[in-house]
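Here is a short tour for the bench. Please have the sequence and the 3D view open as you read.

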Amino acid sequence: MKSLAVLALALALALALALATAALGATTTVKVADNYFVRDGGVSEVKVRRGDVVSWRFAGLRAHSVVVKRGPEPFGSGPRSSGSYPHRMKKIGTYTIYCGIHGARMQMRLIVKR
Ligand SMILES: [Cu+2]
């Protein structure tokens, strides 16, 4: 009988963990380099789901920033050249994101879906 209780507890814990993981969402890393998001050339497009975290990773030698130019929710990182800026996406829609230093020459599109 004791082993049954342990099994039930293990199952309950596994279920709770699975639900917590689903609620937290996934993390997508976006590279920030000199002078582009994700990859050089053109405007990179990144798609995530609502509730996911987008983490901009500053990998360039020069300072850059994340600024929402157009989109359902304003947010931004401030200029930096190392580390990461994570942001949980709560609002569905299309975001046009610029570097606050390099402007339209360094932009990306972020699509947040249901
Ligand atoms: Cu920049």
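What follows looks at a sheet and then at a glycine in a loop.

Keep in mind that this is a predicted model. Let's begin with the open sheet of four strands, whose order is β2-β1-β4-β6 and whose pairing is mixed. Its edge strands are β2 (36-37) and β6, each of which pairs on one side only. The table lists the pairings, with a bridge for each.

| Strands | Sense | Bridges | Bridge partners |
|---|---|---|---|
| β1 and β2 | antiparallel | two bridges | Ala-33 and, in β2, Tyr-36 |
| β1 and β4 | parallel | six bridges | Val-30 and, in β4, Trp-56 |
| β4 and β6 | antiparallel | five bridges | Arg-57 and, in β6, Ser-84 |

Strand β4 (residues 53-58) rewards a careful look, as its side chains alternate. Val-54, Trp-56 and Phe-58 point to one face and are buried, while Val-53, Ser-55 and Arg-57 point to the other face and are not buried. In general, side chains in a regular strand alternate between the two faces of the sheet.

Now for the glycine. Gly-100 sits in the loop between β7 (93-99) and β8 (103-113). Is Gly-100 buried or exposed? Neither label fits: Gly-100 counts as partly exposed because it has 17 C-beta neighbours inside 10 Å, and a residue needs 20 or more to be buried and 12 or fewer to be exposed.

Setting aside neighbours within four places in sequence, Gly-100 is in contact with Ser-65, Val-67, Gly-76 and Pro-79. Gly-78 lies 22 residues from Gly-100 along the chain, and the C-alpha atoms of the two are separated by 7.8 Å.

Key:
Residues are numbered from 1 along each chain as its sequence is written. This is a predicted model: local features need pLDDT of at least 70, side-chain atom pairs count only at pLDDT 80 or more; totals for chains, interfaces and linings use all residues. Two residues are in contact if their C-beta atoms, placed from the backbone, lie within 7 Å. Two strands pair if DSSP finds at least two bridges between them.
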